[in-house]
Amino acid sequence: RLSRRRGAVAAVVTGRDDASLITAVRIALAANEDLLLLVPERSRKVREEVIGAARSLGIAEQRIRTRWLPTLSAEGILHALAGCPERLVVLDRDVLAADPDEAIFAISAHCGVPVLIVDGGGTVLEGEQAGDEAHP
């Protein structure tokens with residue numbers, strides 16, 4: 001059961017052209033909500049790039065928050081979202097290449113919010129081999 005009707009729009013982002021970033025910014029603006037960017041590997045460069053991209057899409061810097069993702073995995077996403085009152089999580093389908101259905105269910109069930117999957121060619125979860133197909 002979905003529990004939150006207000007709160008930040010969270011997005012797992014791997015770069016400034018990430019489809020989840022663009023989608024999350026548009027939703028946050030339309031819903032008049034803050035934007036929470038989950039950035040992998042404590043990358044300051046990626047953090048600054050995605051904040052700049054979000055600002056260029058029209059969201060004010062004071063409405064943008066970031067958290068570090070310890071790993072690009074369902075567990076890493078849940079860890080980064082701990083204690084955060086998000087209302088929606090936006091992910092690129094390719095980030096969940098290992099088992100997208102299981103990861104989506106785990107995130108949604110644990111957080112009590114919907115997970116919106118976008119298809120934009122992101123980074124594959126830890127443990128996936130180069131050349132493995134992300135999805136059929």
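In strand β2 (residues 35–40), the bridge partner of V12 is L38, where strands and helices are DSSP runs numbered from the N terminus, a helix being H or I over at least four residues and a strand being E over at least two. The model is a predicted one, in which local features need pLDDT of at least 70 and side-chain atom pairs count only at pLDDT 80 or more, while totals for chains, interfaces and linings use all residues. Residues are numbered from 1 along each chain as its sequence is written, and side-chain values use heavy atoms, with hydrogens and water left out.

**The sheet**

Four bridges join β1 to β2, and these two strands run parallel; two strands are said to pair if DSSP finds at least two bridges between them. Six bridges join β2 to β3, again with the strands running parallel. Strands of a sheet pair through backbone hydrogen bonds, either parallel or antiparallel. Across these pairings, A11 stands opposite L37 in β2, and L38 stands opposite R67 in β3.

The open sheet has five strands in the order β3-β2-β1-β4-β5, with parallel pairing. Its edge strands are β3 and β5 (115–118), each of which pairs on one side only. From one strand to the next, the twist averages 25°. Helix α1 packs on the sheet and touches β1, β2, β4 (86–92) and β5, and its direction makes about 155° with that of β4; here contact means heavy atoms within 4.5 Å, and angles run from 0 to 180 degrees between N-to-C directions, the axes being lines fitted to C-alpha atoms, for helices over the stretch in contact. Helix α2 (residues 44–56) also packs on the sheet, touching β2 and β3, with its direction at about 150° to that of β3.

The connections can be described as well. β1, α1 and β2 make a right-handed β-α-β unit, and so do β2, α2 and β3; a crossover is right-handed if, with the strands pointing away from the viewer, the path from the first strand over the helix to the second runs clockwise.

**Strand β2 and the cores**

Strand β2 is mostly covered, with six of its six residues buried, where buried means under 20% relative accessible area, exposed over 50%, and partly exposed in between (1.4 Å probe, protein chains only). In a regular strand the side chains alternate between the two faces of the sheet. In β2, L35, L37 and V39 point one way, whereas L36, L38 and P40 point the other way.

A nonpolar core is a set of buried Ala, Val, Leu, Ile, Met, Phe, Trp, Tyr and Cys residues joined through side-chain atoms within 4.5 Å. The largest such core has 21 residues, and those with the most contacts inside it are L21, L35 and L37. The elements that give two or more residues to this core are β1, α1, β2, α2 and β4. A second, separate core has 20 residues, including A10, L91, I107 and V115.

**Three buried residues**

The table lists where three residues lie and how accessible they are.

| Residue | Place | Relative accessibility |
|---|---|---|
| A11 | strand β1 (residues 8–12) | 0% |
| S20 | helix α1 (residues 19–31) | 0% |
| S73 | loop between β3 (64–69) and α3 (74–81) | 11% |

Why does A11 count as buried? A11 counts as buried because its relative accessibility is 0%. Leaving aside residues up to four places away in sequence, A11 touches S20, A24, L36, L37, L38 and V90. A11 and L116 are 105 residues apart in sequence, and their C-alpha atoms are 9.4 Å apart in space.

The side chain of S20 reaches the backbone oxygen of V12 at 2.6 Å, and a polar contact of 2.6 Å joins the side chains of S20 and D18. A polar contact is a pair of N or O atoms within 3.5 Å; within protein, one must be able to donate a hydrogen and the other to accept it, and residues adjacent in sequence count only if both atoms are side-chain atoms. The side chain of S73, in turn, makes a polar contact with the side chain of T71 at 2.7 Å.

**Helix α3**

Helix α3 is mostly covered, since six of its eight residues are buried, namely A74, G76, I77, L78, A80 and L81. What covers these buried residues includes β1, β2, β3, β4 and α4 (100–111). Just after α3, G83 takes a positive phi of about 75°.
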